[in-house]
Amino acid sequence: MANVKLENIVKIYDGKTEVVKSVNFEIFDKEFVVLVGPSGCGKSTVLRMVAGLEDITSGNLYIDKKRVNDLLPKDRDIAMVFQNYALYPHMTVYQNMAFGLKIKKVPREEIDRRVRKAAEILEISYLLDRKPKAMSGGQRQRVAIGRAIVRDPKVFLFDEPLSNLDAKLRVQMRVELQKLHKKLQATIIYVTHDQTEAMTLGSRIVVLKDGIVMQIGSPMELYNTPENIFVAGFIGSPPMNFIPGEIRNKGDLVFIDEEKTLEINLSSLQNAALKNYIGKKIVLGIRPENIHHFQVEGSSGFAKVNATINAVEHMGSEMLVYVNLNKVQMIARFPSEEIIETDKIAELYFDTPRILFFDPDNGSVVK
Ligand code: ADP
């Protein structure tokens, strides 16, 4: 397997539209790295440049320390699995999986061995004689993955492979892909716009926005220590709540929202950089699970907040509570056994030590 390194990779379409802006990251041997970001942020373009399906405008792409910018796709030893499966409709599963090897003139017995082994790994041996139209979306996706596996490539590239599957099957396939990664011990680069998919699959995640890497880290690093407001809002579902306001010094540092009706004492929050924001605008961020309906024992600081409860969504194991804090809409996540009345003002408690702050000008986390 392999190591892939992107160094100052830029993509400009038609000599003017810069869609990938100096991207740098490295994928280590056997790693499962997910590229995630909103639609149009340049994820597929990055993946296609790695595959060799798109020219690299500038920068260097290395596979195993060898610069491969000018290598043809077929010489890069990479296999790509597409969203639309790209199977040949007139061929059986066996023929679809064997096709690439046949072109490469791999001996027939070797092709047979590899196809049957891949089919076994993917549990699709019983489908080998079927044609694509006689299969479900999930089965076709497995065949598309099988076609990549038989090539035994250095790197697997996946471009939104689950987006054509229904929600239940997507969850199943996520688990399957994790198992497959373990079995194959493969280096995988996987593109998705779905942050849940990124969180559940990636050993590391690269978050892209407008062709720029916003942060690289493990799922929990991105969740617990986002470097900027974009990552904070993009990773996590329901998303982090944001309240614009300012910091004041009243002996203790306090946060006051824009409407000046909310005041949160920040003395229990360890954040030395906040004193640089005294008298300045700032954005407070708090995750839904860090807003409570009562003061949780053992926490070092709670801020009481009056908010109007708009709606409650029962999820079974928990409930999502939609509240208004002046003009700011927020979501809190409570245990399902709590009794919440809508259209009433309720006392909520922010778990102060878990509050994050962001600079409204450049979006960076304040720390
Ligand atoms: P993502 O995969 O994140 O949805 P893409 O990499 O497909 O994003 O596209 C990034 C941007 O590049 C988009 O704005 C898209 O419209 C643009 N783009 C993609 N392909 C081309 C092309 N062949 N010519 C011009 N612009 C393109």
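# A chat about one chain

Trainee: Let's start with a single residue: what is the relative accessible area of alanine 86?
Mentor: Alanine 86 has a relative accessible area of 36%, so we call it partly exposed. That label fits because buried means under 20% and exposed means over 50%. Keep in mind that we are looking at a predicted model.

Trainee: Got it. Where is alanine 86 found?
Mentor: Look in the loop between E6 and H2. Alanine 86 has a positive phi of about 55 degrees, although it is not a glycine.

Trainee: And why mention glycine there?
Mentor: Because most residues other than glycine have a negative phi.

Trainee: Okay! Which residue follows H2 and has a positive phi?
Mentor: That is lysine 105, with a phi near 60 degrees. Aspartate 64 has a positive phi too, about 50 degrees, and is not a glycine. You'll find aspartate 64 in the loop between strand E4 (58-63) and strand E5 (66-67).

Trainee: Is aspartate 64 buried, exposed or partly exposed?
Mentor: Partly exposed, because its relative accessibility is 31% and the buried class stops at under 20%.

Trainee: Changing topic: what about the peptide bond between serine 237 and proline 238?
Mentor: That bond is cis, with omega about -5 degrees. Most peptide bonds are trans. Proline 238 belongs to the loop between helix H8 (229-234) and strand E11 (241-250).

Trainee: Let me zoom out. How many helices and strands does the protein chain have?
Mentor: Eight helices and 20 strands. The C-alpha atoms fill a box of roughly 80 × 45 × 35 Å along the principal axes. Of the 367 residues, 50% are buried.

Trainee: Which residues have the most contacts inside the largest nonpolar core?
Mentor: Met97, Ile145, Phe158, Leu177, Tyr190 and Val207, in a core of 48 residues. Try clicking on leucine 177: beyond its neighbours within four places in sequence, it touches Phe32, Ile145, Phe158, Leu162, Tyr190 and Leu201. There is also a second, separate core of 34 residues, which includes Phe255, Leu325, Val328 and Ala346.

Trainee: Why would nonpolar side chains be buried together?
Mentor: As a general tendency, that is what they do in soluble globular proteins.

Trainee: Back to helices. How many residues of H4 are buried?
Mentor: Eleven of the 13, so H4 is largely enclosed by the rest of the structure. Among them are Ile145, Val143 and Ala144, along with Arg142 and Arg147.

Trainee: What do the buried residues of H4 pack against?
Mentor: Strand E6 (78-81), helix H2 (93-103), helix H3 (108-121), strand E7 (155-159) and helix H5 (167-184). If you turn to H2, its buried residues are Val93, Asn96, Met97, Ala98 and Leu101. Their cover includes H3 and H4.

Trainee: What span should H4 have, at 1.5 Å a residue?
Mentor: It should span 18 Å, and its end C-alpha atoms are 18 Å apart, so the two agree. The expected value uses one less than the number of residues.

Trainee: Last one: where is proline 38, and which residues is it in contact with?
Mentor: Proline 38 lies in the loop between strand E3 (32-36) and helix H1 (43-51). Leaving aside neighbours within four places in sequence, proline 38 contacts Lys43, Leu208, Phe230 and Phe234. Glutamine 195 is 157 residues away from proline 38 in sequence, yet their C-alpha atoms are 9.2 Å apart in space.

Conventions. Residues are numbered from 1 along each chain as its sequence is written. This is a predicted model: local features need pLDDT of at least 70, side-chain atom pairs count only at pLDDT 80 or more; totals for chains, interfaces and linings use all residues. Side-chain values use heavy atoms; hydrogens and water are left out. Helices (H or I, at least four residues) and strands (E, at least two) are DSSP runs, numbered from the N terminus. Buried means under 20% relative accessible area, exposed over 50%, partly exposed in between (1.4 Å probe, protein chains only). A nonpolar core is a set of buried Ala, Val, Leu, Ile, Met, Phe, Trp, Tyr and Cys residues joined through side-chain atoms within 4.5 Å. Contact means heavy atoms within 4.5 Å.
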